[in-house]
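Let's take a friendly walk through one protein chain. Please have a look at the sequence and the 3D structure below, and then we will read them together.

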Amino acid sequence: MKRMLINATQAEELRVAMVDGQYLYDLDIEVASQTQKKASVYKGRITRIEPSLEAAFIDYGAERHGFLPFKEVARSYFADDQGNGSGGRVTIQDALSEGQELIVQVEKEERGTKGAALTTFPSLAGRYLVLMPNNPRAGGISRRVEGEERSDLREALSSLDVPAGMGLIVRTAGVGKSAQELQWDLDYLLKLWSAIESAAHERQAPVLIFQDSNIIIRAIRDYFRQDISEILIDQEKAYNEACDFMRQVMPESLNKVKLYESNVPLFSRYQIEGQIEAAFGHAIRLPSGGSLVIDHTEALVSVDINSARATKGAGIEETALSTNLEAADEIARQLRLRDIGGLIVIDFIDMTPARNQRDVEERLHEALKRDRARVQVGRISRFGLLEMSRQRLRPSLGDSSQMVCPTCNGQGHVRGPESLALSILRVIEEEAMKDRTGKILAKLPLDVATFLLNEKRENVHEIEQRCNVQIILVPIPNMTASAYQVERIRDDDDSHESSEQPSYEIAETADALPEFVENGRRASIEEPAVARIQPPSPPPPAAAPKAHGDGMLKRIWSAIFGASGDTAAEDKSGRRRESRRSSSSGRGGRGRGHGGDRDRHREQQRRQDSDRRRSSNRGSGSQQSGRGRSANRDESSKRGGSSGARQNAPGPEKSGERSQEGAKSTARPAGDQGGSRSGSKRGRRGGRGRGRGGSGERRPAASDSGNQQPSTAQRGSGDEGGRSASESMEGRVTSPGTDEGGRSRTPEPASPGTDEGGRSRTPEPASPGTDE
């Protein structure tokens with residue numbers, strides 16, 4: 001059972017976890033001091049244009065200026081003489097000017113020494129749609145939607161009222177939604193964009209105009225699906241906020257939001273605290289005994305797979321394959337939990353067979369399907385490396401929750417005391433040899449200073465004597481190895497602190513606050529100009545889910561004949577049932593079923609057997625009926641020649657062959673003399689549709705003529721010109737024009753002389769020149 005767990009008990013950190021049972025498959029953590037800026041809309045000012053980078057730097061209110069590439073600038077911001085599309089290549093220095101104000105959206109967060117990446121093509125995310133107000137060429141349907149669902153969404157998208165100059169993207173959550181629900185979401189986004197434009201005209205840059213929703217609203221909007229059974233929140237304020245959002249957007253799912261009130265912590269209740277802590281680690285253990293080691297570098301993220309204590313397989317190849325398959329699943333999960341983005345290189349355990357490499361690649365592709373981010377995956381190279389890239393949706397877990405090690409500055413290694421002391425001694429000697437040097441002041445870690453004052457005392461004294469300088473070594477207990485300082489003081493500088501106070505007072509420096517505390521103090525909560533916008537109307541009722549569980553035959557039928565074919569098939573089925581009921585009562589009705597249903601087939605077979613038994617006792621009546629129809633031969637020929645559709649269809653002469661005793665001679669209308677043979681002996685003897693003489697094009701004409709109902713008096717006549725009800729049924733069953741569904745494919749006369757139109761429909765007896 002899938003659940004969304006929201007832990008908001010600590011004000012400094014809000015966590016959202018997606019679990020399936022007790023398996024954590026997605027995680028989002030937001031730190032209060034590091035509010036997410038991505039997708040927020042600002043009004044900024046151009047501070048500098050850099051033609052060499054084809055970009056501009058924007059002051060939008062942050063400490064670092066944002067980076068705006070020229071390709072991300074809308075033409076509406078170009079200068080008047082450049083924005084009219086006059087031709088030629090437009091340069092950034094001609095199109096933009098310093099001091100110009102723009103509406104920008106943060107596309108990528110600040111990271112390291114890099115400023116935020118900005119764009120003037122904002123995208124506003126709703127529940128089902130993403131609106132791009134000034135980008136009409138963009139839009140479409142989410143790449144995750146495929147098949148019939150994509151066709152349904154494309155049809156619904158075409159019915160929306162989208163203003164000119166705007167683009168739309170249908171999100172995955174829009175699958176199965178009606179056009180009314182999509183239009184409601186579009187109206188809300190249009191109202192939001194109108195408020196943003198109004199606020200931008202009223203405020204001066206730089207200013208925050210619109211801020212994306214907090215993590216609770218964002219998580220429900222982006223992660224909630226119908227397969228999630230419940231949303232558990234352990235803080236009442238966050239619970240009320242989630243309920244308000246669900247009530248506005250998804251009132252039908254409001255009952256899934258629940259307040260967790262147990263004394264046991266929410267994440268401990270579902271045993272995911274250990275899995276979250278593992279996401280902060282450097283190595284991850286695999287079930288088979290292997291391990292993953294994840295390392296971050298400036299250029300890429302490397303993932304190394306070690307077999308470690310894995311002894312699961314019978315041989316080295318089987319062990320490598322099983323470990324790599326386990327690692328592929330865990331790598332995809334860790335990428336989601338840590339939100340690792342950029343270039344990723346995976347070093348799998350070497351596998352000799354190529355099929356094993358393909359199996360590992362397929363497993364990784366399958367595991368990455370659950371990821372919301374865009375992922376591109378290569379193939380395993382001959383060195384056993386697989387390259388892939390992943391979109392960075394938000395700051396990674398390391399960037400938002402971890403700080404650079406102050407001891408090693410993020411390198412992971414420091415120099416030993418002896419090596420560092422010798423390096424510092426050489427620096428002191430180099431500074432002492434410079435002209436007009438009076439003193440050398442060195443502030444050193446405690447262990448390094450102790451080593452120089454004892455083991456290297458003679459070397460320090462020798463430098464003082466040779467260069468005629470004074471060397472002052474100040475040990476500082478809490479100093480890290482990489483933070484040492486060596487300062488050169490000129491001989492004419494009498495105002496330096498080393499000349500006015502003793503050396504032990506120099507070491508008593510004020511303790512600096514940690515960097516994360518300083519960042520927390522500097523971080524100020526900025527209120528956006530556009531607060532939360534209410535939807536213009538209540539959400540429409542949810543559309544009933546479409547049934548996609550049809551069988552294979554129905555899907556093939558729909559693909560060939562369209563959706564309307566189902567309705568037509570149902571109508572035909574109803575007419576077939578009605579026709580069979582009338583024929584069984586002796587009224588001469590003609591069923592037109594296809595014989596696809598097994599029950600109908602057995603029922604018709606039973607009726608055919610009964611009709612054959614009745615007709616075997618009335619074979620003479622059939623022969624007399626054939627002789628009685630000869631009077632109408634001329635008019636039947638005229639009718640056959642005047643109807644193009646009936647001319648090529650199997651003629652009604654086949655209905656004269658009724659008995660199994662040998663009435664094999666038939667008569668054909670004059671208009672059918674040039675037609676093909678209408679059937680075989682097997683078809684005339686009750687075969688299931690194997691004696692169809694006509695092609696598919698002839699069937700509609702035969703079926704249309706099969707709706708005739710002879711009168712009761714004509715059916716009941718027993719003279720030579722009449723036919724009994726049993727003979728009429730035998731004609732329907734054993735004639736070459738019937739198929740396995742009991743459907744008559746030959747025109748049957750309504751009476752011995754005329755049909756319902758007054759035309760003669762009876763065939764003539766077989767002549768010496770005719771064949772079967």
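What share of the 772 residues in the chain is made up of buried residues? Buried residues account for 44% of them. Keep in mind as you read that this is a predicted model.

## The chain as a whole

The secondary structure comes to 26 helices and 24 strands. Contacts in this chain often link distant parts of the sequence: among contacts between residues at least 6 apart in sequence, 68% join residues at least 24 apart.

P536 gives you a pair to look up. This proline sits in the loop between α16 (515-522) and α17 (552-561). P536 and L189 are 347 residues apart in sequence, yet their C-alpha atoms are 9.7 Å apart in space. Leaving out residues up to four places away in sequence, P536 touches D187, Y188 and K191. Its relative accessible area is 44%, so P536 is partly exposed.

## A helix to check with a ruler

Now find helix α5, which covers residues 236-249. Why does its length make sense? At 1.5 Å a residue, its 14 residues should span 20 Å, and the C-alpha atoms at its two ends are indeed 20 Å apart, so the two values agree.

At the N-terminal end of α5 there is a cap: a side-chain oxygen of Q235 lies 3.3 Å from the backbone nitrogen of K237. Further along, the buried residues in α5 are A238, A242, C243, F245, M246, Q248 and V249. The elements covering these buried residues include the helices α3 (179-202) and α4 (215-223), together with the strands β14 (228-233) and β15 (257-259).

## One helix, two partners

Next, turn to helix α11 (residues 417-432), and compare how it meets helix α12 (residues 446-454) and helix α13 (residues 457-467).

The axes of α11 and α12 come within 9 Å and cross at roughly 65°. An angle from 65 to 115 degrees counts as roughly perpendicular, and α11 and α12 are therefore described as roughly perpendicular to each other. The crossing of α11 past α12 is right-handed. On the α11 side, the contact is made by P417, E418, L420, A421, I424 and L425, while α12 contributes D447, V448, F451 and L452.

With α13 the arrangement is as follows. The axes of α11 and α13 come within 10 Å and cross at roughly 10°. Since angles under 35 degrees count as roughly parallel, α11 is roughly parallel to α13. Here L425, E429 and A432 of α11 meet N459, V460, I463, R466 and C467 of α13.

## Two charged residues in strands

Which residues does D28 touch, once its neighbours within four places in sequence are left aside? They are L14, R15, V16, I215, R218 and R394. D28 belongs to strand β3 (residues 23-31). Its relative accessibility is 8%, so D28 counts as buried. The side chain of D28 also makes a polar contact with the side chain of R394, at 3.1 Å.

K439 lies in strand β22 (residues 437-445). With a relative accessible area of 17%, K439 is buried, because the cut-off for buried is under 20%. Not counting residues up to four places away in sequence, K439 touches Q470, I472, E487, R488, I489, S498 and S499.

## Backbone details in loops

Finally, let's look at the backbone. The peptide bond from A205 to P206 is cis, with omega near -5°. P206 is located in the loop between α3 and β13 (207-210).

Two other loop residues have a positive phi although they are not glycines: D339 and N409. The loop holding D339 runs between α8 (316-338) and β19 (342-347), and the one holding N409 runs between α10 (397-401) and α11. Are they buried or exposed? D339, at 1% relative accessibility, counts as buried, whereas N409, at 48%, counts as partly exposed.

Here are the pair's values side by side.

| Residue | Phi | Relative accessibility |
|---|---|---|
| D339 | about 50° | 1% |
| N409 | about 60° | 48% |

Key. Residues are numbered from 1 along each chain as its sequence is written. This is a predicted model: local features need pLDDT of at least 70, side-chain atom pairs count only at pLDDT 80 or more; totals for chains, interfaces and linings use all residues. Side-chain values use heavy atoms; hydrogens and water are left out. Helices (H or I, at least four residues) and strands (E, at least two) are DSSP runs, numbered from the N terminus. The expected span of a helix is 1.5 Å times one less than its number of residues. Buried means under 20% relative accessible area, exposed over 50%, partly exposed in between (1.4 Å probe, protein chains only). Contact means heavy atoms within 4.5 Å. A polar contact is a pair of N or O atoms within 3.5 Å; within protein, one must be able to donate a hydrogen and the other to accept it, and residues adjacent in sequence count only if both atoms are side-chain atoms. Axes are lines fitted to C-alpha atoms, for helices over the stretch in contact, and angles run from 0 to 180 degrees between N-to-C directions. Angles under 35 degrees count as roughly parallel, over 145 as roughly antiparallel, 65 to 115 as roughly perpendicular and the rest as oblique. A crossing is left-handed if the near helix is turned anticlockwise from the far one by less than a right angle, and right-handed if clockwise.
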